[in-house]
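Here are a few notes for a first look. Please keep the structure open as you read.

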Amino acid sequence: MTVRIVGGNLRDLSYIAANLRPEDHAEVDCQLDGWTPATLAAQALHGFAYVAELDGNPEAAFGAGEVRSGLWIAWSWGTRRMRRCVPRITQFFYEALGPDVASRGAHRVEARALADNDLAIRWLNRLGAHERCLLPAYGKNGEHFILFDWTRDTWANVSISKATGTEAAPANTDGAG
């Protein structure tokens, strides 16, 4: 199993968006009206966008985009095989994406997770994000979300050894388990 991180492109991002795992499909669907894989992919190209390939196949998309000066939004979504990519994405997050966003003047990076998406919540915690608050009725149908963030001050205290622990590893190829 080889996981490689490459720059995001419309083709790979569209493929991943068309094959979202159920948790990510639910999260995207309750935030965007009338989205398609192509529109989600195009939106992802704002800012930093990356693809994790598993044995040459695009399986996960992730990145961060600037909302306004100093404020960024981190995002990720993937196929059913995304979980196999999580350890490598986590490593890349600390080695490249986080430092790149910081070098662009970010003082706050936010991420939101559907409140019942346990995997996303565990991963954000493992990445050192701080759970700030519940966002009641944030989704278009009243779904609850949780707001996480990293600030310039909290980023310095995140340990990569904590972030790449065994909880980030999947149980099997399709991510079940």
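Is D24 buried or exposed?

1. D24 is buried, because its relative accessible area is 3% and the cut-off for buried is under 20%. Bear in mind that this is a predicted model.

2. Where does D24 sit? Look in helix α2, which covers residues 22–29. The D24 side chain reaches the backbone nitrogen of G78, at 2.8 Å.

3. G78 also appears among the contacts of D24. Setting aside neighbours within four places in sequence, these contacts are W77, G78, M82 and N117. Strand β4 spans residues 71–78.

4. Now the sheet. It is open and has 7 strands, with mixed pairing. Read across, the order is β1-β2-β3-β4-β5-β7-β6. Strands β1 (3–7) and β6 (130–135) are the edges, each pairing on one side only. From one strand to the next, the twist averages 25°.

5. Follow one pair of strands. Strand β4 pairs with strand β5 (residues 108–114) in the parallel sense, over 3 bridges. Within this part, L71 stands opposite R108 of β5.

6. Helix α2, the home of D24, packs on the sheet. There α2 touches β4, β5 and β7 (145–151). The direction of α2 makes about 110° with that of β5.

7. Helix α1 is the other one to find. This helix takes in residues 10–18 and lies across β2 (48–54), β3 (57–68) and β4. Helix α1 runs at about 105° to β3. Strand β4 is thus a good place to look twice: α1 lies across β4, and α2 touches β4.

Key. Residues numbered from 1 in each chain as written. Predicted model: local features only at pLDDT ≥ 70, side-chain atom pairs only at ≥ 80, totals over all residues. Heavy atoms only, no water. Helix = DSSP H or I, 4+ residues; strand = E, 2+ residues; numbered from the N terminus. Buried < 20%, exposed > 50% of the residue type's maximum accessible area, 1.4 Å probe, protein only. Polar contact = N/O pair within 3.5 Å; in protein donor to acceptor, adjacent residues only side chain to side chain. Contact = heavy atoms within 4.5 Å. Pairing = 2+ DSSP bridges. Axes fitted to C-alpha atoms, helices over the stretch in contact; angles between N-to-C directions.
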